[in-house]
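Hi,

Here is the structure I promised to pass on. Have a look at it first, and then read on for what turned up.

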Amino acid sequence: MRKIPLLLCSAVMLMTSCQQKPAAVVVDSEAIKAELTTFMDEYNVAYKAMDINKMTSFCTDNALFLGSDPSEFWDKKQITDYFMSQGIDSTMKLEFVIDRREIIVAADGNSAIVVEQFVIPIISPYLAVRGIDHLVKVGDGWKFDLLSWNVIPKNEELPKLNAAFE
C-alpha cells in the first residue's frame with residue numbers, strides 16, 4: 001500500500017520530465033514594426049477620408065473606442081453608429097501629421113501597443129492628441145482591439161486651462 005504513492009509520484013515525474021519543452025519563438029520586432037507602420041498609415045488615410053467602413057474593418061468585433069471626451073466610451077457598433085449619424089460632410093478635411101509614433105511589440109509577436117501624437121486643428125489647434133492603440137494579430141494581419149484618444153496639454157498650460165474653467 002505504501003508503494004502506490006511512491007509509484008504514482010515516480011510516474012508523474014517521469015511523464016513530466018519526458019515532455020518536450022516548447023520551442024522558443026523568435027520574433028522579428030523590426031519586421032512587425034514595419035507591418036504596423038504600414039497598417040497605421042493605412043488607417044490614418046481612411047480616418048482622414050472618414051471612410052467609416054474601412055476604418056471599422058481595421059477593428060476586432062469587440063474593439064473598444066475611447067474618445068477625447070469622457071462620454072466617448074464606445075464599442076464597435078456604437079462608434080460606427082456615431083460616425084454614420086454625423087452625416088459626414090464631404091467638404092470636411094481632417095488634416096493632421098503624426099508628430100511622433102512609438103511601437104511596442106509583445107514578446108510573442110501577437111500584439112502591440114502603438115502610440116501616436118498629433119494635432120487635429122478641428123479638435124484644437126493648440127492641444128495635441130495622443131492616440132494609444134492596442135493591436136492584435138488576427139490571421140496574417142493586424143486589428144485594433146482598443147483605440148484611445150487623449151487631448152494632452154503641456155504642463156505649463158495647465159494653469160491657464162484651470163483658470164479658464166473657473
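**What I found**

Of the 166 residues in the protein chain, 28% are buried. Keep in mind that this is a predicted model. The chain exposes about 11500 Å², and carbon and sulfur atoms supply 59% of that.

As for the overall layout, the protein chain has five helices and six strands. Starting at the N terminus, the order is α-α-α-β-β-α-β-β-β-β-α. Among contacts with a separation of 6 or more, 48% are between residues 24 or more positions apart.

**Helix 4**

I spent some time on helix 4, which covers residues 76–85. Which of its residues are buried? They are Lys76, Ile79, Thr80 and Phe83. Looking down the axis of helix 4, these buried residues fall within an arc of 100°, so they line one face of the helix. That fits the usual geometry: an α-helix has 3.6 residues a turn, so residues three or four places apart point the same way.

On the other side of helix 4 you will find Lys77 and Ser85, both exposed. The cover over the buried residues of helix 4 includes two helices, helix 2 (29–48) and helix 3 (52–57), along with strand 1 (59–66) and strand 2 (73–75).

The N-terminal end of helix 4 has a cap, too: Asp75 places a side-chain oxygen 3.2 Å from the backbone nitrogen of Lys77.

**Strands 4 and 6**

Next, take a look at Ser148, in strand 6 (residues 141–152). Is Ser148 buried or exposed? Its relative accessible area is 12%, and since buried means under 20%, Ser148 counts as buried. Leaving aside residues up to four places away in sequence, Ser148 touches Leu66, Arg130, Gly131, Ile132 and Asp133.

One of those contacts, Ile132, also turns up at the surface: together with Ile104 and Ile113, Ile132 makes a nonpolar patch of about 240 Å². Ile113 belongs to strand 4 (residues 111–118). With a relative accessible area of 35%, Ile113 is partly exposed; that is over the 30% a residue needs to be part of a patch.

If you open the model, I would start with the buried face of helix 4, then go to Ser148 and its contacts, and finish at the isoleucine patch.

Cheers

Notes:
Residues numbered from 1 in each chain as written. Predicted model: local features only at pLDDT ≥ 70, side-chain atom pairs only at ≥ 80, totals over all residues. Heavy atoms only, no water. Patch = residues over 30% accessible without salt bridge, like charges linked within 9 Å, V, L, I, M, F, W, Y side chains within 5 Å. Areas by Shrake-Rupley, 256 points an atom, 1.4 Å probe, with all protein chains shown as cover. Salt bridge = Lys/Arg side-chain N within 4 Å of Asp/Glu carboxyl O. Helix = DSSP H or I, 4+ residues; strand = E, 2+ residues; numbered from the N terminus. Buried < 20%, exposed > 50% of the residue type's maximum accessible area, 1.4 Å probe, protein only. Arc of directions from axis to C-beta. Contact = heavy atoms within 4.5 Å. Polar contact = N/O pair within 3.5 Å; in protein donor to acceptor, adjacent residues only side chain to side chain.
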